[in-house]
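Colleague: I would like you to walk me through one part of this model at close range, and to set it against the whole before you finish.

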Amino acid sequence: MSAPNQQVQTESLQAHGVSEGANLDVAVGDGACARPALSVRELSWRCGERAILSEVKLDLPEGKMLGIIGPNGAGKSSLLRCLYRFLTPSSGEIQLFGQPIASLSARAFAREVAVVLQDTPQHFDMTTAQLVALGLTPHKAAFSMTTKADRLAVSQALETVGLKDRAGQTYASLSGGEKQRALIARAIVQQPKLLILDEPTNHLDIRYQIQILELLKALGVTVVISIHDLNLASALCDQLLLLDQGKAVAQGSPKQVLSEVQIARVFGVCCQVSPHPQHGNPQINYFYGYHNHLQNSGKNDRHSEPQGEQPLEAKEANHGER
């Protein structure tokens, strides 16, 4: 596979120098006219005097999976925390199927939205089935007994995530990938209309990363997930929302969002984007040789990279084509 041509490389590297907070057009992805399950309007959140999120907008059709991507500190986790009401936005509105989420009671919200966080709980003294059964809580009256239907729902959820044979095993004894699948089973039992996951593939090997995202896609519910691996996001997410410095700079299909210029602009790296041989969505191949730039700049700031200068290996790859 050949390296990008000189023109594309030049455009990508020039894009490193866009001014901080540049206002970029937001692409509207496929399915924009479908029924929106989740709508965010002019969402901002401040921590003291610091703006963490600024006027974020997004629309997600029902049944689609949205991947939230962006560099560290872009606001991905903060946006998710606003979506599942851990944080209260400073301004703006979030609607779920046309209803403001702020208007829902805690119990009603738990019936609509399930959350899986990136770090699995460590000290649960219960079996896997007991953990999954916690997802029934929003649908049960206080002190009510577990019914046959409840046990069937738990068993079916465990079967869906491939853990039926681990039902009686302690949650603490499961592997990292199995723990994540158990937490997803708990969310399935909760019967949400929206499932929110904050980096669920963190710390997992590539097999479990693919397995978990394929599982989420197969559930048929609306999913919002933050994710670092752009190739994984490209392969399995229906839409992507790209955040940079708390602002939404692009939303759309992976083909609309993951361009060489866009990746260079936001992540400060040089890459080649080509169609994946299996699914046709963007496959990203990165170029290397940034160590000297980091030493020369004296700080890790993607906007301070020398403009118009390529990493060493990218230069050599281009030179080899001429």
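Colleague: What percentage of the contacts in the protein with a separation of 6 or more comes from residues 24 or more positions apart? With that settled, please take a close look at Ser-44 and its surroundings.

Modeller: This is a predicted model, in which local features need pLDDT of at least 70 and side-chain atom pairs count only at pLDDT 80 or more, while totals for chains, interfaces and linings use all residues. Residues are numbered from 1 along each chain as its sequence is written, and side-chain values use heavy atoms, with hydrogens and water left out.

To your question, residues 24 or more positions apart account for 69% of the contacts with a separation of 6 or more, a contact being heavy atoms within 4.5 Å. Of the 322 residues, 45% count as buried, where buried means under 20% relative accessible area, exposed over 50% and partly exposed in between (1.4 Å probe, protein chains only). The protein has 12 helices and 12 strands; these are DSSP runs numbered from the N terminus, with helices being H or I of at least four residues and strands E of at least two.

Ser-44 belongs to strand β1, which covers residues 36-47, and counts as buried because its relative accessibility is 12%. Apart from neighbours within four places in sequence, Ser-44 touches Leu-53, Ser-54 and Glu-55, together with Pro-89, Ser-90 and Ser-91. For Glu-55 there is further detail, since its backbone nitrogen lies 2.9 Å from a polar atom of the Ser-44 side chain. Lys-57 is 13 residues from Ser-44 in sequence, and their C-alpha atoms are 9.7 Å apart.

Lys-57 also leads to Glu-42, because the side chains of these two residues meet in a salt bridge at 3.2 Å, N to O, the term meaning a side-chain nitrogen of Lys or Arg within 4 Å of a carboxyl oxygen of Asp or Glu. This pair links distant parts of the chain, with Lys-57 in strand β2 (residues 50-61) and Glu-42 in strand β1, 15 residues apart. Lys-57 is partly exposed because its relative accessibility is 44%, and Glu-42 is partly exposed at 35%.

The whole structure holds seven salt bridges. Among the other pairs, Lys-164 joins Glu-159, with the closest N and O atoms 3.8 Å apart, and Asp-238 meets Lys-217 at 2.8 Å. Asp-238 lies in the loop between α8 (230-236) and β9, and Lys-217 in helix α7 (residues 206-218), so this pair ties together parts 21 residues apart in sequence. Asp-238 has a relative accessible area of 25% and is therefore partly exposed. Asp-165, Arg-166 and Glu-178 are linked in a network of salt bridges.

As a wider setting, there is an open sheet of six strands in the order β6-β7-β8-β3-β9-β10, with mixed pairing. Its edge strands, β6 (113-116) and β10 (247-252), each pair on one side only, two strands being paired if DSSP finds at least two bridges between them. Strands β7 (residues 194-198) and β8 (residues 222-226) run parallel and are joined by five bridges, with Ile-196 standing opposite Val-224 in β8. Helix α2 (residues 76-83) packs on this sheet, touching β3 (65-69), β7, β8 and β9 (239-244), and its direction makes about 150 degrees with that of β7; axes are lines fitted to C-alpha atoms, for helices over the stretch in contact, and angles run from 0 to 180 degrees between N-to-C directions.

How values were computed. A polar contact is a pair of N or O atoms within 3.5 Å; within protein, one must be able to donate a hydrogen and the other to accept it, and residues adjacent in sequence count only if both atoms are side-chain atoms.
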